[in-house]
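Please open the structure in your viewer and keep the selection panel at hand. The stops below go from the whole chain to individual helices.

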Amino acid sequence: MASGLNPVEKAIIVVAAYCIALLALVLLHLSALLPWFVVIGGLAVPLMLGACSLRLRSALLLGLGTAAVGTPFLLSSGIPAIAPMFVGYVAVAGGLGALHQRRSTRRERWRRAKSLGEGYESEVFEGSLNIMHFVDRDGTVLKRNEASRSILGAVAKRSLALNDYVHPQDVERMKTELLRLFERGEIRDVQLRYITEERKFVPIELRATRATERLAVVEACDQRDKANLQRQLKETEARYRFLIEEAVDTLDSAIIITDSRRQVVWANERIGDFFGIDRERLIGADILRAFHRIVGALEGAEELGRTVEEALRSGGTVETLTCKVMPSRERQERVLAYRSTPIETDRYKGGRIDHFIDITEIKALEEALRVKAQDLEVSNEKLEQFCHVVSHDLKEPLRTVESYSGFLLEDLAGKVGGESQKHLERLKVTSGRMRTLIEDLLSYASVRVESDKVERVPIDSLLREIQQDCEISLQGVSLLIDEGFPPVRGSRTRLSELFSNLIVNAIKYNDKALPSLHVGWKQNGSRNGMCTFFVQDNGPGIEARHRDRIFGIFEKLQSDSDGTGAGLAICKRIVEEHGGRIWVESEVGKGSTFFFTIPKATP
């Protein structure tokens, strides 16, 4: 059947052929002139017409249907050739259907290939941003895309010779790569240069695929932007490297950097300043040889040299070592702190950074502070001795005045007037108060916690002893003492004095009919190795404006009260000698809580 017909026209022709054949068979059957070969031949014509337009499966079905239609006519002719007819029709239809299916498959493949070729031509080849060439074995460009014309120029030329577009210095290499291309079928990642119509070179990355025995597709990626970026990156790296080197040269530290081969790759200017050597002569030298030149300027060079060799051998870190530069004509006397650290980054792994930090001024300050501390220690000892001497010299006359005032009051009882009696009594009280002030002042000045007297102090047992000692003062007082106090580090005598003063003060200045007292510690208050304790009362409380003043020496809120006001000042001095702090939280009319911190004892 003609291939120019569409499927509908083909179907109409086949149906018409079947109708004509059936009409002819019916007329012959009615006229009793219907031999068997006419039946088979009459239906075979439309069957072949239909099978030529169908695929295999549909053609087989058509053959079976045609045989079914012809069966009644054969039976009426008296010839039972039904089975051969079925076989023949099915075979003919199947063969024609198979041929048509094969022909259709070929035609479809050709159509797809043509459409792909056209798509490649219009979309891939011409639309590519890279330079695309069809070349022969000699490298002659047979066809080029728009990118080639735009970048290389020579727009009017449809073909280019090898020398027209390849840089003269890369022509031989291009020929070698073309031989490899046609031998192996492809080449990739080839770096060379094309040349433009204006004789400017274009760096490219080449890859190509062989299409036929004499034709290949070559794609070249323009590398100018990449080359510019790489150049800018190198310039930036160089600029920052110089900036970093100049910045490091301004540091007060001498720095040496070595690579994984143990060679010095860089040393800053301070190396020359500190050790009186030319840093340029160190660069490229082995690190041990460089260090032998450096340590020659140091006191105790052997120990530092052994330390450096061990660190290089083990790859470990050298913690801070103090070394001294011996003075000479080229260098000054200095004290340096040396450190050496291995480089752990992937890029420079195996290298090291060694630096010497000038701590001459720091050491001088430390020495000055040490001398001042010694002088202060001597001054404190002398001051303490002076306090003892003065207090002793003052207490004896005051004790004499107080005693003789008492004697006079006894001897002159009833013999002197009322005013004289009052003067003598006031003299005795004032003398006693002055003696107490001197004793408190001496006690305050002598509050010191010697390091050799610091011990582990169990607070539980300490408070039990204080409770026994203050048994008389605690009569009528509701006292609550927590259990499980943590042990602390300090002076047992001073801590006992601290707790006693706070407990006695809480009882002495309580204005309630039923005084209550709570001694405890904050279980969540252990921070930075310190424990927080407290003494809480239900007394009159302290106004906020007085909460700092009460810890001053001889500061009293009630001028008519007994005592000198030195108790809380002594408490503060004891806490501070232990490295802690003391403060008060209070509400007027409801009571006060004194908090203080003491170092916790180590397990």
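Among contacts in the chain between residues at least 6 apart in sequence, what percentage join residues at least 24 apart? The value is 55% for this chain, counted over those contacts between residues at least 6 apart. Bear in mind throughout that the model is predicted.

**Whole chain.** Begin with everything selected and coloured by secondary structure, where 16 helices and 17 strands can be found. If you then switch to a surface display, the accessible surface comes to about 36400 Å², and carbon and sulfur atoms account for 55% of that area. Of the 603 residues, 36% count as buried.

**Helices H10 and H11.** Next, select residues 287-295, which form helix H10, together with residues 301-314, which form helix H11; their axes come within 10 Å and cross at roughly 160 degrees. Angles over 145 degrees count as roughly antiparallel, and H10 and H11 are therefore roughly antiparallel to each other. Their crossing is right-handed. To see the contact itself, show the side chains of Ile287, Leu288, Phe291, His292 and Val295 on H10, and on H11 those of Ala301, Leu304, Val308, Glu309 and Leu312. Sorted by class, this contact of H10 with H11 comprises 8 nonpolar residues, 1 polar and 1 charged.

**Helix H14.** Move on to residues 459-469, helix H14, and highlight Ile459, Ser461, Leu462, Leu463 and Ile466, which are the buried residues of this helix. Extending the selection to what these buried residues pack against brings in helix H15 and several strands, namely E11 (455-457), E12 (478-481), E13 (488-490), E14 (516-521) and E15 (530-537).

**Helices H15 and H16.** From there, keep H15 (residues 492-508) and add helix H16 (residues 567-577), which packs with H15 at an angle of about 145 degrees, the two axes being 9 Å apart. The crossing of H15 and H16 is left-handed. On the H15 side, display Arg494, Glu497, Leu498, Asn501, Leu502 and Asn505, which meet Gly567, Leu568, Ile570, Cys571, Ile574 and Val575 of H16. The residues of this contact between H15 and H16 divide into 7 nonpolar, 3 polar and 2 charged.

**Ile574.** Finish by centring the view on Ile574, whose place is in helix H16. Is this residue, Ile574, buried or exposed? Ile574 has a relative accessible area of 0% and is therefore buried. A distance drawn from the C-alpha atom of Ile574 to that of Leu495 should read 7.5 Å, although the two residues are 79 apart along the chain.

Note on methods: Residues numbered from 1 in each chain as written. Predicted model: local features only at pLDDT ≥ 70, side-chain atom pairs only at ≥ 80, totals over all residues. Heavy atoms only, no water. Axes fitted to C-alpha atoms, helices over the stretch in contact; angles between N-to-C directions. Helix = DSSP H or I, 4+ residues; strand = E, 2+ residues; numbered from the N terminus. Parallel < 35°, antiparallel > 145°, perpendicular 65-115°, else oblique. Left-handed = near helix turned anticlockwise from the far one by under 90°. Contact = heavy atoms within 4.5 Å. Nonpolar A, V, L, I, M, F, W, Y, C, P; charged D, E, K, R; others polar. Buried < 20%, exposed > 50% of the residue type's maximum accessible area, 1.4 Å probe, protein only. Areas by Shrake-Rupley, 256 points an atom, 1.4 Å probe, with all protein chains shown as cover.
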